[in-house]
Amino acid sequence: MADRPALVLDSVDLQIGGARILHDVSFEVATGEMVGVIGPNGAGKTTLFNIISGVMIPTGGRVLLQGDDVTSRKVYQRARVGLGRTFQTSSVFAGLTATENVRQAAQAKLGGAVSPWLFPRAADEAHEVAARCLAEVDLAHHAQTEAGVLSHGDKRKLEIAMLLATEPRVVLLDEPMAGVGSGDVAGLVEVIRRLHESGRTVLMVEHHMEVLLGLVDRVAVMHHGELLAIDTPKAVMADPDVQKAYLGETV
Ligand SMILES: Nc1ncnc2c1ncn2[C@@H]1O[C@H](COP(=O)(O)OP(=O)(O)OP(=O)(O)O)[C@@H](O)[C@H]1O
């Protein structure tokens, strides 16, 4: 169904011990939409990503992906429904080339380790996927470069290429600009913009406000574990509650 939301959070709660980490968080992300998640440190953004991706199970409420209730499903089960995620900290294998990194991800999608001797066609396919995904993030020229020597910006692009190899339809980007030098920002923004323009649904936590506000359709503002607002960048920036709770503290 074309009008089914890609992602639904329905009254999501998380309590750990006596602490209320998330409280009654509800919002929907439409198919093909790009939504940014902002909020001060400790607001609950990473926890929200952990709940959407299956790293944590909420103590209340539901998570729907492409219409399926995945609330208590495991990470790999959500990947099968089309969810992919990058992490705040780099997840590339430094000693492998860019191609080998993406091949690992592609092979995982194709069904585990692929021996080029036993399954030459699957190995070829993983290689083709790697080449296509590296091209999509403008890293074709670094195909044979060891990931460890890439700039932070290129490592982020490589992580996105690894994600693309798993063919996600809903993509979670956790602070993609973290640690990226100013010279690499524009290129990475372009890659993220293309992710969106290609029709994928994107949810992105990002502290770099200028980047985030220039990319997303809507912004969700988290504060003390609650959803304070979700609206267009312009409306959110003009919201007095948001300014008081978040922007006034940090900008
Ligand atoms: N496993 C846990 N046990 C106890 N408290 C936790 C746990 N995970 C997160 N918290 C707490 O939940 C709150 C939200 O944390 P979270 O990391 O989601 O915030 P955030 O908005 O992502 O912050 P930042 O911008 O600093 O990454 C914090 O107060 C944190 O200390």
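In what order do the four strands of the open antiparallel sheet come? The order is β2-β1-β4-β5, and the legends below start there. Keep in mind that this is a predicted model.

**View 1. The four-stranded antiparallel sheet.**
Here β2-β1-β4-β5 make an open sheet with antiparallel pairing. β2 and β5 (68–69) sit at its edges, each pairing on one side only. Inside the sheet, β1 (residues 7–16) and β4 (residues 60–65) run antiparallel and are joined by five bridges. To find your way along this pair, look for D13 opposite G60 in β4 and V8 opposite L64 in β4.

**View 2. The hairpin of β4 and β5.**
Zoom in on the turn and you'll find two residues between the strands. Q66 is the one to check, with a positive phi near 50°. β4 and β5 run antiparallel and are joined by two bridges; L65 has D68 in β5 as its bridge partner.

**View 3. The shell around the ligand.**
Which residues surround the ligand? They are I16, A19, I21, G39, N41, G42, A43, G44, K45, T46 and T47. Two elements, β2 (19–29) and α1, each give two or more residues to this shell. The largest share comes from α1, with three residues.

**View 4. The six-stranded mixed sheet, with α1 lying across it.**
Now for the other open sheet: six strands in the order β6-β7-β8-β3-β9-β10, with mixed pairing. Its edge strands are β6 (83–85) and β10 (226–231), each pairing on one side only. From one strand to the next, the twist averages 15°. Helix α1 (residues 45–53) lies across β3 (34–38), β6, β7 (170–174), β8 (201–205) and β9. Relative to β7, α1 runs at about 150°.

**View 5. A220 and the pairing of β9 with β10.**
β9 (residues 218–223) pairs with β10 in the antiparallel sense, over five bridges. A220 belongs to β9 and stands opposite I230 in β10. Is A220 buried or exposed? A220 counts as buried because 24 other C-beta atoms lie within 10 Å, and the cut-off for buried is 20 or more. Leaving aside neighbours within four places in sequence, A220 is in contact with F27, V35, V37, L227 and I230. F27 is a long way off along the chain, 193 residues from A220, yet their C-alpha atoms are separated by 8.6 Å.

**View 6. V37 in the largest nonpolar core.**
The largest nonpolar core has 67 residues. V37 is among those with the most contacts inside it, together with V102, C133, A161 and A165. Helix α5 (residues 152–164) gives the most to this core, with six residues. Nonpolar side chains tend to be buried together in soluble globular proteins. Not counting residues up to four places away in sequence, V37 touches K45, L48, L203, M204, V205, A220 and M222. A220, from the previous view, turns up again in that list.

**View 7. Helix α5, mostly covered.**
How many of the 13 residues in α5 are buried? Twelve are, so the helix is mostly covered. Among the buried ones are K155, R156, K157 and E159, alongside L158, I160 and A161. From its first C-alpha to its last, α5 reaches 18 Å, close to the 18 Å expected at 1.5 Å a residue.

Terms used:
Residues are numbered from 1 along each chain as its sequence is written. This is a predicted model: local features need pLDDT of at least 70, side-chain atom pairs count only at pLDDT 80 or more; totals for chains, interfaces and linings use all residues. A nonpolar core is a set of buried Ala, Val, Leu, Ile, Met, Phe, Trp, Tyr and Cys residues joined through C-beta atoms within 7 Å. Two residues are in contact if their C-beta atoms, placed from the backbone, lie within 7 Å. The expected span of a helix is 1.5 Å times one less than its number of residues. Two strands pair if DSSP finds at least two bridges between them. Axes are lines fitted to C-alpha atoms, for helices over the stretch in contact, and angles run from 0 to 180 degrees between N-to-C directions. A residue is near a molecule or strand if its C-beta atom, placed from the backbone, lies within 6 Å of it.
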